[in-house]
Amino acid sequence: MEGPTSKKERKEMSLNRLTRAPVNLNGLPSAQSHLTRTREIHYQRDRERKRGDRESLRRCFFVGFIVINVKSSSPYVNQLKTKEIDIHKKEINMGAGGRMQVSPPSKKSETDTIKRVPCETPPFTVGELKKAIPPHCFKRSIPRSFSYLIWDIIIASCFYYVATTYFPLLPHPLSYFAWPLYWACQGCVLTGVWVIAHECGHHAFSDYQWLDDTVGLIFHSFLLVPYFSWKYSHRRHHSNTGSLERDEVFVPKKKSDIKWYGKYLNNPLGRTVMLTVQFTLGWPLYLAFNVSGRPYDGGFACHFHPNAPIYNDRERLQIYISDAGILAVCYGLYRYAAVQGVASMVCFYGVPLLIVNGFLVLITYLQHTHPSLPHYDSSEWDWLRGALATVDRDYGILNKVFHNITDTHVAHHLFSTMPHYHAMEATKAIKPILGEYYQFDGTPVVKAMWREAKECIYVEPDRQGEKKGVFWYNNKL
């Protein structure tokens, strides 16, 4: 006689043996034995159900781990996340007879995202925040800093080599796809180079100021940024963040300062035009004419003008050095265009530079423009509250390409001399202390850009409290 050949058959035979009721001496079933066997049957079935519950839990946790680590903001991926979690919730509830409840991972709602952050004096100090950060996070390493810079240069050089060597060999229709891909990739990598030069301006590249200034001058000049000029104005931005009177960039207007034509631009078409101009011409207009910067009395506020009111007498000589660096790069571009042609210069350098400039404006705009962030006048402003009036954003894979300047901006404003490669660790260390004073918005960048352009038109005094020196964004014109 052949035995059971499958696991299912063996399980059925085992249950059949358990269900055979024992008999007493008279040939009748024993009540005591029948009760014992019934308990054994229930115990066996409970074990099988619990084993199924554990398997469902393992699958749920495994899928949840994968879903949480998928960094994508597309609606299709979000739908998959919801469906997978709902399916495994049902499996667990069915396996446990409906007694177990597993909630899906909590997602920050739109209301929570734009909820106002506290504007009172924080219950912690900068010293307490610094003590929470591991000491090694403040150490600058020359080899490590150069490794990021050299890596960016290698990647940018590879893109340039591929474009110059292989693009001319492509069939005509394919070039329409190849060039935009080159512009986007090269623009992103060169934005990373810009960020490292920006770190030099903060003295976060190395322990030697002369080395930081040399590296920063070379690479900012290559990207047509006046290194020393912007270094000093940007330093004042960090010293006065959130101040309506003294901040340097993206200073919001009060309602009384809105121009008469502002209400005609407060519509989808007007916002599209404003954002297009802002991201294409905003950066050069700011450097040349101080557009979106704080108003200055006593002269023309221009980053290329050594006698501009932005700078003091001790800084004016270095403005000449910045201008000389820009002129040297412009002459190099002129010589390149004379040999290779203007079209070649525009394709290989001009369009990627436009993308770099657009990213700089976008990153800065979204870091300092948010419905939840306050601004202060002189009666309420202090440095710590101003430094906390900024928000970390999520750019997906571009966070790494941009050396985490996007998602560690709060820590950067608190400790600007910290190298970018320690900023993530520092952010994790201070978040428990910051509590509600820390603001992170994971809204997709394009959606956030449009929302901020729609909601953040001007600022007005706080109407929900007694603090008249605290201003919040509004859009009711």
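**A colleague's note on helix packing and cavities**

1. A good place to start is the pair α12 and α13: the axes of helix α12 (residues 316-340) and α13 come within 7 Å and cross at roughly 125 degrees. That angle makes α12 oblique to α13, because an angle counts as roughly antiparallel when it is over 145 degrees and as roughly perpendicular when it is 65 to 115. Please keep in mind throughout that this is a predicted model.

2. Who makes this contact? On the α12 side you will find V329, L333, Y336, A337 and Q340, and on the α13 side V342, S344, M345, F348 and Y349. By class, the contact of α12 with α13 has 8 nonpolar and 2 polar residues, with no charged ones.

3. M345 deserves a look of its own. This residue sits in helix α13 (residues 342-368). Leaving aside residues up to four places away in sequence, M345 touches L333, Y336, A337 and G350. L333, Y336 and A337 are also listed on the α12 side of the helix contact. M345 and Y334 are 11 residues apart in sequence, with 8.9 Å from C-alpha to C-alpha.

4. Now for a second helix pair. Helix α6 (residues 142-166) and helix α8 (residues 209-222) pack at an angle of about 10 degrees, and their axes are 13 Å apart. With that angle, α6 is roughly parallel to α8, since angles under 35 degrees count as such. The contact brings together I142, F146, L149 and I153 of α6 with L211, V215 and F219 of α8. Its makeup by class is 7 nonpolar residues, with no polar and no charged ones.

5. On annotation: an unreviewed UniProt entry places the feature "transmembrane region" at residues 148-169, 181-198, 317-334 and 346-366. In the model, residues 148-169 are 86% helix and 0% strand, with the end C-alpha atoms 32 Å apart. Residues 181-198 are 100% helix and 0% strand, and here the end C-alpha atoms lie 26 Å apart.

6. Turning to internal space, a search of the whole structure finds 3 cavities of 30 Å³ or more. The largest cavity has a volume of about 90 Å³. It is lined by 13 residues, and the closest to its centre are E199, H412, M418, H420 and A423. Helices α7 (172-201) and α16 (409-414) each supply at least two residues of this lining. By class, the lining of the largest cavity has 7 nonpolar, 5 polar and 1 charged residues.

7. What lines the second largest cavity? Its walls are formed by V117, P118, E120, P374, Y376, R385, L388, A389 and Y437, around a volume of about 50 Å³. The lining of the second largest cavity has 7 nonpolar and 2 charged residues, with no polar ones. The charged class takes in Glu and Arg, so E120 and R385 are the charged residues in this lining.

Methods: Residues numbered from 1 in each chain as written. Predicted model: local features only at pLDDT ≥ 70, side-chain atom pairs only at ≥ 80, totals over all residues. Heavy atoms only, no water. Axes fitted to C-alpha atoms, helices over the stretch in contact; angles between N-to-C directions. Helix = DSSP H or I, 4+ residues; strand = E, 2+ residues; numbered from the N terminus. Contact = heavy atoms within 4.5 Å. UniProt positions renumbered as here; feature names shortened; annotations may be inferred. 1 Å grid on protein atoms, 1.4 Å probe; cavity = no way out; pocket = protein on both sides within 12 Å on 5 of 7 lines; lining within 4 Å. Points joined across faces, edges and corners; volume = space filled by probe spheres on them.
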